[in-house]
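Welcome, and thanks for opening the viewer. Let's walk through this model together, one selection at a time.

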2 protein chains.
Amino acid sequence: MAAGSQRSPLAPVALPQLPEIEGVRLGVAESGVRYRDRSDVLVALLDPGTAIAGCFTTSKTRSAPVDWDKANLAQGRARAILVNAGNANAFTGARGVQTVAGTVGELSRLLGCPREEIFVASTGVIGEPLDEALINAVLAPTIEQATGDGWSAAATAIMTTDTFSKAATAFAEIAGHQVTINGIAKGSGMIAPDMATMLAFLFTDASLPAPVLQELLTRSVERSFNAITVDGDTSTSDTILLAATQKAGPLAGLDNVGDPRLRSFSRALDQVTLDLALQVVRDGEGAEKLIAITVTGAEDARAARRIAFAIGNSPLVKTAIAGSDANWGRIVMAVGKSGEAADRDRLQIRIGGLSVAKNGMRDPDYDESALTPHMRGREIDIAVDVGVGPGRATVWTCDLTHRYIDINGSYRS
Amino acid sequence: MAAGSQRSPLAPVALPQLPEIEGVRLGVAESGVRYRDRSDVLVALLDPGTAIAGCFTTSKTRSAPVDWDKANLAQGRARAILVNAGNANAFTGARGVQTVAGTVGELSRLLGCPREEIFVASTGVIGEPLDEALINAVLAPTIEQATGDGWSAAATAIMTTDTFSKAATAFAEIAGHQVTINGIAKGSGMIAPDMATMLAFLFTDASLPAPVLQELLTRSVERSFNAITVDGDTSTSDTILLAATQKAGPLAGLDNVGDPRLRSFSRALDQVTLDLALQVVRDGEGAEKLIAITVTGAEDARAARRIAFAIGNSPLVKTAIAGSDANWGRIVMAVGKSGEAADRDRLQIRIGGLSVAKNGMRDPDYDESALTPHMRGREIDIAVDVGVGPGRATVWTCDLTHRYIDINGSYRS
């Protein structure tokens with residue numbers, strides 16, 4: 001199952017038009033590493049002085065590219081991001097480290113920049129050696145043809161099992177300067193906190209230092225990419241990078257994330273990350289329904305999040321929703337198994353805004369037929385109050401359908 | 001989907017013949033609570049002096065029957081176990097507590113015993129009030145017709161989505177006295193530690209005090225019922241009870257589980273609990289393959305168990321195995337997401353005894369075609385060494401197939 005299979009019924013109508021961002025040029029190529037007749041390499045070229053921030057998988061078996069990026073994040077500068085789809089260069093031992101060194105070396109030579117300013121990401125099959133020669137062979141022509149308006153091609157080049165390409169954009173204002181944030185992402189299976197086979201690359205012309213970008217990104221990812229799950233499985237390769245070219249400025253002294261002049265930018269960043277994260281869920285393997293789960297009344301936010309994920313990762317909840325069945329007993333079960341404090345006898349559940357259970361039992365006024373139209377829709381809304389504290393969290397997932405099994409019983413990813 | 005649907009391809013050839021156990025009589029009845037034309041109530045009558053031990057779900061939303069049993073376990077004696085299938089009496093608030101009081105009250109009146117010596121278990125739909133009148137109406141005739149050889153009927157009466165009835169038996173010897181252990185169980189979905197919609201009732205004529213029984217049972221359950229998973233979902237109602245009628249004796253002074261005279265009994269108990277637990281996995285909803293996962297080299301046994309469950313609960317691993325695909329990259333992913341210490345560069349994976357990966361990469365000698373016969377079989381064996389310590393654990397699960405979704409997209413359980 002590769003890119004190009006039937007488009008998810010939850011896909012947005014069309015890819016948004018992304019404006020150019022000064023200091024960013026994008027080029028794509030066909031390396032032939034795994035796919036035929038499609039682009040599978042993206043090079044994002046960044047003007048000198050670009051600051052970078054990143055968030056990565058917490059997997060203990062993370063890939064060589066993730067190791068490389070994490071090691072080089074502290075210096076805070078980037079001149080290029082190199083992405084390939086089809087081979088994750090994960091669980092490839094010393095050979096995988098050499099592959100990263102090989103492609104980074106070649107790209108830094110072509111750009112005349114320090115190796116540490118090249119960031120890499122790979123997605124696809126695990127455990128197969130990745131031949132750097134195939135990638136290196138396309139780098140020079142890709143740089144040559146890179147342009148500022150290559151967003152759609154870039155979003156397409158990084159896809160694996162995705163059924164549609166994913167992009168989002170937002171404007172913000174920092175102290176009178178208008179700035180743009182563009183993002184592209186890929187991901188459709190192995191999606192869970194922290195992050196899944198999920199790649200996202202965000203670009204802005206904002207003039208902000210790397211430590212501020214990092215803090216804003218970390219907070220934003222927590223409420224977006226780290227609040228989604230498709231199957232509870234976490235990838236070895238998850239990478240989110242945010243590059244700021246510093247062209248919309250210059251500003252100085254914006255080194256505190258609490259600075260009120262950052263509010264608009266922070267909101268726009270949250271908008272882009274959540275938009276992209278929800279597009280990933282909408283492309284969840286086999287997904288036919290998008291499910292939002294809000295938990296309130298938990299001990300704290302962390303507990304609320306764990307309860308919400310216990311619901312969102314429950315195969316029994318997800319298959320019930322696939323069958324348009326408002327099976328709230330399974331939600332009760334999932335709350336119980338989360339291990340977090342919950343007052344069984346004060347538990348309340350609302351689905352589609354309708355009270356289903358309260359005071360620890362079925363709502364006497366609950367009429368299942370009134371819920372049918374909501375359950376048959378594309379977007380399911382579950383709200384649970386567990387009655388013990390002020391903690392709240394929202395997570396998003398999709399239903400579990402036959403197509404998930406079709407896709408994953410045959411695809412070697 | 002109720003009892004009687006197509007028998008799991010992993011089912012044992014036939015139900016074993018269980019011998020009678022002195023002091024145990026079994027009766028079944030049709031209450032009509034949910035099912036038509038099948039027995040759905042079991043009463044196990046126990047002679048005076050029977051000792052009892054139990055293990056229960058750790059769910060925070062546990063059912064009223066579980067609350068009742070836990071509260072009465074400490075006194076250590078039992079005269080009857082009352083089980084009904086079709087309605088779990090879970091998430092039924094104060095009404096559910098009254099239902100338990102109602103059935104327990106009636107049965108204790110009929111038997112002339114303290115209410116605390118009646119243990120109850122309910123399985124089936126969550127959140128629907130259970131009408132105790134329907135159950136009370138059948139108690140007197142059920143007691144009347146109870147016999148010592150009713151094991152097969154008992155195992156059938158407690159089924160819900162099970163496709164076959166489950167029983168096991170073993171002999172042991174305690175200080176020269178031969179004793180028998182019989183067990184029956186039900187369960188096929190919502191199976192995970194700790195225990196799932198899993199009911200198991202064990203009976204022995206051994207003459208052992210309740211505290212010794214409890215310690216032996218707790219240890220045995222840890223390596224059996226708490227080492228299986230079908231879907232990672234934990235039920236509100238899991239109950240395992242072990243009743244010892246004290247007829248094979250009398251013995252005295254056997255009050256220490258470390259006593260070597262208990263070795264044979266402990267082994268036989270482990271044999272029965274593991275046999276029943278594996279029957280539950282073999283009846284996992286939609287299961288077509290039984291998967292054993294052994295993790296070695298973990299920090300400690302707890303870490304090994306968490307890694308093994310991360311593999312066993314991974315939808316990506318389970319769908320790959322459903323497709324007979326030796327997709328070991330997904331095993332690497334699952335090890336990584338467990339959060340437990342693992343040395344990526346020393347990781348070893350064997351499937352069906354064949355080395356697939358070692359030293360953190362694909363085994364150079366690995367030939368996928370050699371694994372095909374194993375992957376196409378009914379029993380899949382996965383062994384993972386994570387290279388950091390002495391911890392080891394084995395867990396069992398089944399594959400994730402289209403039938404799981406068929407069953408759970410429509411059944412209101």
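Leaving aside its neighbours within four places in sequence, which residues is A:Val335 in contact with? Select A:Val335 and see: in chain A, the partners are A:Ile307, A:Ala310, A:Ile311, A:Ala342, A:Leu347, A:Val384 and A:Val386. Chain B contributes B:Lys60 and B:Thr61. Please keep in mind throughout that this is a predicted model.

**The core around this stop**

Next, add A:Ile307, B:Ile307 and B:Val335 to your selection. Together with A:Val335, they have the most contacts inside the largest nonpolar core, a set of 274 residues. In soluble globular proteins, nonpolar side chains tend to be buried together.

**Chain A as a whole**

Now zoom out and colour chain A by secondary structure: you should find eleven helices and 15 strands. The radius of gyration of chain A is 22 Å, close to the 22 Å from the globule rule for 413 residues, so chain A is as compact as a globular protein of that length. Along the principal axes, its C-alpha atoms fill a box of roughly 70 × 50 × 40 Å. Of the 413 residues, 61% count as buried. If you draw the contacts between residues at least 6 apart in sequence, 81% of them join residues at least 24 apart.

**Where the chains meet**

Bring chain B back into view. Here 51 residues of chain A are in contact with 51 residues of chain B. On the chain A side, the elements that give two or more residues are α2 (93-111), α8 (315-322), α9 (328-337), β13 (361-362) and α11 (402-408). Highlight α9(A), which provides the largest share, seven residues. Colouring this side of chain A by residue type gives 17 nonpolar, 23 polar and eleven charged residues.

**The axis**

How does one copy map onto the other? A rotation of 180° with 0.0 Å of shift along its axis superposes chain A on chain B, with an RMSD of 0.0 Å. That is the relation of a two-fold axis. To find the axis, select A:His402: in chain A, its C-alpha is the nearest, 2.9 Å away. The copies meet through the same surface, because 100% of the interface residues of chain A are also interface residues in chain B.

**Last stop: confidence**

Finally, colour by pLDDT. Chain A has a mean of 90, and 95% of its residues reach 70 or more. Then select residues 192-196 of chain A, where pLDDT stays under 50 and the model has 22 contacts beyond four places in sequence. Where pLDDT is low, the predicted coordinates should not be read in detail. The model as a whole scores ipTM 0.75 and pTM 0.83.

Notes
Residues numbered from 1 in each chain as written. Chains lettered and ligands numbered in written order. Predicted model: local features only at pLDDT ≥ 70, side-chain atom pairs only at ≥ 80, totals over all residues. Contact = placed C-beta atoms within 7 Å. Helix = DSSP H or I, 4+ residues; strand = E, 2+ residues; numbered from the N terminus. Nonpolar A, V, L, I, M, F, W, Y, C, P; charged D, E, K, R; others polar. Rg over C-alpha atoms; globule rule 2.2 N^0.38 Å. Buried ≥ 20, exposed ≤ 12 C-beta atoms within 10 Å, placed from the backbone. Least-squares fit on C-alpha atoms with pLDDT ≥ 70 in both. Core = buried A, V, L, I, M, F, W, Y, C linked by C-beta atoms within 7 Å. pLDDT = per-residue confidence, 0-100.
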